[in-house]
Amino acid sequence: MAAVEATAKALEGATISKTKELKGTEKRDSLVAIEKKYQEIWQRDGVFQPDAPSTTEVPLNSISAAELRKQHPKFFGTMAYPYMNGTLHAGHTFTASKIEFTTGFARMQGKRSLFPLGYHCTGMPIKACADKLINEVKLFGQEFERYSDEGAEEQKLDATPAPTTHHEDVTKFTAKKGKAAAKVVKMKYQFQIMRAIGIPTEEIHRFADPQYWLEFFPPLCKRDLTNFGARIDWRRSFVTTDANPYYDAFVRWQMNRLKELKKIKFGKRYTIYSPKDGQPCMDHDRSEGEAVGPQEYTALKLKVKEWAPEAGEQIKGKVPEGANVYFVPATLRPETMYGQTCCFVGPKIKYGVFKVSDKEFYVITDRAARNMAYQGIFPENGVYEKVAELLGSACVGTLVNAPLSIHKEGVRILPMDSVLPTKGTGVVTSVPSDSPDDFATITDLAKKAEYYGIKKEWAELEIVPIISTPSYGNLAAPFLVKKLKISSPKDTKQLEEAKELAYKEGYYQGTLVIGEFAGEKVEVAKPKVRQQLIDAGEGFAYSEPEKKVVSRSGDDCCVALMDQWYLDYGEDSWKEVAMKYVANEDGKGMNTFATETRHGFEGVLDWLNQWACARTYGLGSKLPWDPQFLVESLSDSTIYMAYYTIAHYLHQDIFGKTPGLAGIKPEQMTDEVWDYVFARRELSEEILKESGVSKGALESMRREFEYWYPLDLRVSGKDLIPNHLTFFLYIHLAIFTPEYWPKAIRANGHLLLNGEKMSKSTGNFMTLDDMVKKYGADASRIAMADAGDGVADANFEEDVADNNVLRLFTLREWCENQVNDAASLRSGPKNDFLDALFENEMNSLVHEARGHYEDTNYKLALKSALYDFTNARDFYREASTAAGIKMHKDLVFQYIELQALLLAVIAPHWSEYIWLEVLRKKSTIQNALFPEVPASIPSLSAAREYVRNTSSNVTSAEAAQQKKKAKGKDIGFDLKKPKKLSIFAAAKFPAWQEKYIDLMREAWNPDTKSVNDKELNGKIAKMGEMKKAMPFIQSLKKRLVGGEAPETVFERKLAFNEVQTLKNMVPGLKKAAGLKAIDIVEVAEGGKSGQVVGGDGEGKAAETLPPVAESAVPGVATFYFENVEA
């Protein structure tokens, strides 16, 4: 731990550029002191260490597992365990916050709630970084004392630097503008990256041992999440790989069972491959190109019939006499090969002539040759012998034979500037009937033949129909080029659009009109044409990465065809079960919370197939039946949530060095024992005898699994849907019975920081440790809740965290003062106005917050539980002061208690302090239940809304008069003299509204508490009063949705007594607005006269009212100011 402490000290002095600077920290420090205190108490008391009901309490098999979970409700949630090659950043924290808040609310629902966390160490990243450091220590010394900035460019390493994720690849920065950029450029080596994350220089050499990473970073992860206040059961933590022999046994069991189930198979398959590492490069082994897979092409062999003079000279003597040389284009559309009219090369691209055999040579790019070398195309695996090199321009004019083409005499090699050396083989066959790019290029070549140095007739071979389409005829490319007004190959945007249209229409709706398969749909004929080419020896299968892939070791990856152990994802019956479970049409499947997430899974399930599950380099568990291989990192991390349920029975420490509650040794955890624990078989004497594990220990572990499983919620970033989350689903469906399949997956977006993408290179970056040190745990948690809940990217605003430091401090101070000065508060019966309104609003917000917590909408829950709740208190406090009365003691204490409970999920430390030290409760708020309060009373809610709006409207009306006066306009009274306010309240609704009441009554659905807006709006529009009617309709809808009884709304009654409410408001309004007098006037229909029914002139008749009186309607009063005698 000494090294960890040294790092912690180093990080304390670190500054974060581009993030907010704090000016004062006294209030934060006061809050943090409380946080630390309660974190220690929670850990000491094991508050977050739930267990299943013991077999002593409820004997195993005395009731079913489902009944046990019903009698003793539980919640089990997890996030993807973090990778241990660094400390947690704000993005990790955002994901953690979702499961953290859900766990907190589940506790308040009375559920035993489990949130465990392990440490992922499997795969290449740690090993690649460690190997990098080995070389750097050799080169620069143990403390890198021989390194100098100036000589860095000349100093070379034996191994390529291992970059981090591609958007943080510091070696790619070339600009030298500004200090930040300069610092980034210097971070070329792994030791610099380590130093940048706060590792002391004298400690860095120790990371050359990959096992040291496993010892170093997990304690920091635990420290940071504990400081954040996470409700994690740390007893159940572990590291992956064979560093923990218990987890190693678990992974081996899992792989054995998958192989027995025929989910793991062996055979040749295309896979992304790193020649440098000598093994497949799976998603988590990559620094660039995650989720990129192999793209399979049909490679065509275009035999050279006659060389262009320059190319012929260049290969003379390098290719044996009589040998065949082929230009080899790669195509995704073999069905169109009947229409080849030429073959394109990039005039500036260098091509190699590669030996396939003594009699056969291919003209392709070096990159393509490297791919082919690992696909059994060349004689020796990994070897591609180049006998000559040709510039593309030298090949122009060469005559080649194009397989299947109607032009049997051959076609010419022609130049095309847009050919990419990084795509396909760098050789492109041309089918201008169906490729807009090809048609645009040959048209341009024919027009400018002299300019391009070709004969015009080479570009004017007949274009014949290949595919008939319903929209674009049988020459789709010429049609679309004309339609989209494409005049040149440089019209790239339109060409891209044309290409997409032509391909989709041709493939899905096209019919082949030529060749052996004429009359067949293209999607049916395509594989047949491909196979025909391969069988005739005129083509072969070729594959390459869809996009650029770089391994963690810095290698540019290719595609290899190799014998592999692979998981057969996508197998029809397995896929069908997964699809049905994700669709969740019967409500018994998986909850994905968002339609976008469900569609994401369905899309991945549609294309995902065969995933290599083993490799030879990195850290991990050995494949049990073929120990030369290691289980890859996305295959050993699919069902480890089951391991959490019993981890504390197996070991006391993360490495499994000290046995746990069951006193079991790793070797006793046989496959049969795992089967029993995970409810895949029943206990037998044979298992007891062979394992030597006691029956009591086995039954206790079985109880833990049966109780905690199924997993109730998995939270992860949406970027893991294409791999980890889909694998997690597939393997659960294969290994466990349906009772134990996961219930829900919540995918969240990425986290922006202050509205911008997080990036170490720009300085807009924050670790969890930075965040908590800067703002404390609770303010950070509030900002995380405020950041957002959907699948779209969320935004952590430092201003929100900073503002809530002050908010929490002042709110705590207010609560303390109220309790200390309780004797000065009002007691006795509560009044039926301000007290009743405040209590009712608190009840309403408690129910509102509960609903948002249940829906896992934490931004909205925060609004109800904190922002709106404190606003309700503020209004009560200010209205009481204005009315000249004190707040009621019972309501103040009720507010403080409810505020602590509502915030316990999001800001538990603050709530714990209020609960224990202000309210003097006897036990932790972590075990308190969510408050049960009466339902809000609609009439009081309506009255409260009326009071709020009317108070605001009075203030606004007075402010408007002051503005008019400031502009020199006559407002009819003197602002400096005593004022009287007349409030006009209408006795009845205007007659014109009756027809809209009838419309709304007809449209309202009491079952769904909604209306068909489209249908209703259409009817209103026909009545010709849209502008006048819509606000009225919206007000009716708001009242109905808010819970008012339909009969009250439709019978033209307010839910409250408007006049009585206004009378109650008079004292407060007088004081707040500095008024001498107030009259409440009930206006008769027509708005010309009325009666003073409240205030100073009560009982008087009101004649000749001002025009504003006519605008009053029930529930919306109007106002008139005038001067009165002092």
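Here are legends for five close-up views of this predicted model.

**View 1. Helices H2 and H29 cross each other.**
Here we're looking at H2 (residues 26-44) against H29 (residues 798-820). Two packed helices are described by the angle between their axes and the distance between the axes. For this pair, the angle comes out at about 70°, and the axes are 9 Å apart. Since angles of 65 to 115 degrees count as roughly perpendicular, H2 is roughly perpendicular to H29. On the H2 side, the residues in the contact are Lys27, Arg28, Ser30, Leu31 and Ile34. Across from them, H29 brings Val805, Leu806, Leu808, Phe809 and Arg812. Sorted by character, the contact residues of H2 with H29 come to six nonpolar, one polar and three charged.

**View 2. A four-stranded open sheet, E4-E3-E21-E22.**
Strands of a sheet pair through backbone hydrogen bonds, either parallel or antiparallel. In this sheet the pairing is antiparallel. Strand E4 (279-280) and strand E22 (611-612) sit at the edges, each pairing on one side only. Zoom in on E22 and you'll find strand E21 (residues 558-567) next to it, joined in the antiparallel sense over two bridges. Tyrosine 566 has its bridge partner in E22, namely alanine 612.

**View 3. Helix H27, mostly covered.**
H27 runs through residues 768-775, and seven of its eight residues are buried. The buried set mixes side-chain types: Leu768, Met771, Val772 and Tyr775 are in it, and so are Asp769, Asp770 and Lys774. Follow the chain just past H27 and you reach glycine 776, which takes a positive phi of about 80°.

**View 4. Histidine 852 and its neighbours.**
Histidine 852 belongs to helix H30, which covers residues 834-854. Is this histidine buried or exposed? Histidine 852 counts as buried because its relative accessibility is 18%, and the cut-off for buried is under 20%. Leaving aside residues up to four places away in sequence, histidine 852 touches Asn857, Leu860, Ala861 and Ser864.

**View 5. The annotated stretch at residues 67-135.**
This one starts from a record: UniProt, in an unreviewed entry, places the feature "domain: Aminoacyl-tRNA synthetase class Ia" at residues 67-135. In the model, that span is 51% helix and 13% strand. From end to end, the C-alpha atoms of its terminal residues lie 59 Å apart.

Methods:
Residues are numbered from 1 along each chain as its sequence is written. Side-chain values use heavy atoms; hydrogens and water are left out. Buried means under 20% relative accessible area, exposed over 50%, partly exposed in between (1.4 Å probe, protein chains only). Contact means heavy atoms within 4.5 Å. Axes are lines fitted to C-alpha atoms, for helices over the stretch in contact, and angles run from 0 to 180 degrees between N-to-C directions. Angles under 35 degrees count as roughly parallel, over 145 as roughly antiparallel, 65 to 115 as roughly perpendicular and the rest as oblique. Ala, Val, Leu, Ile, Met, Phe, Trp, Tyr, Cys and Pro count as nonpolar, Asp, Glu, Lys and Arg as charged, and the others, Gly among them, as polar. Two strands pair if DSSP finds at least two bridges between them. UniProt positions are given in the numbering used here, feature names are shortened, and annotations may be inferred rather than shown by experiment.
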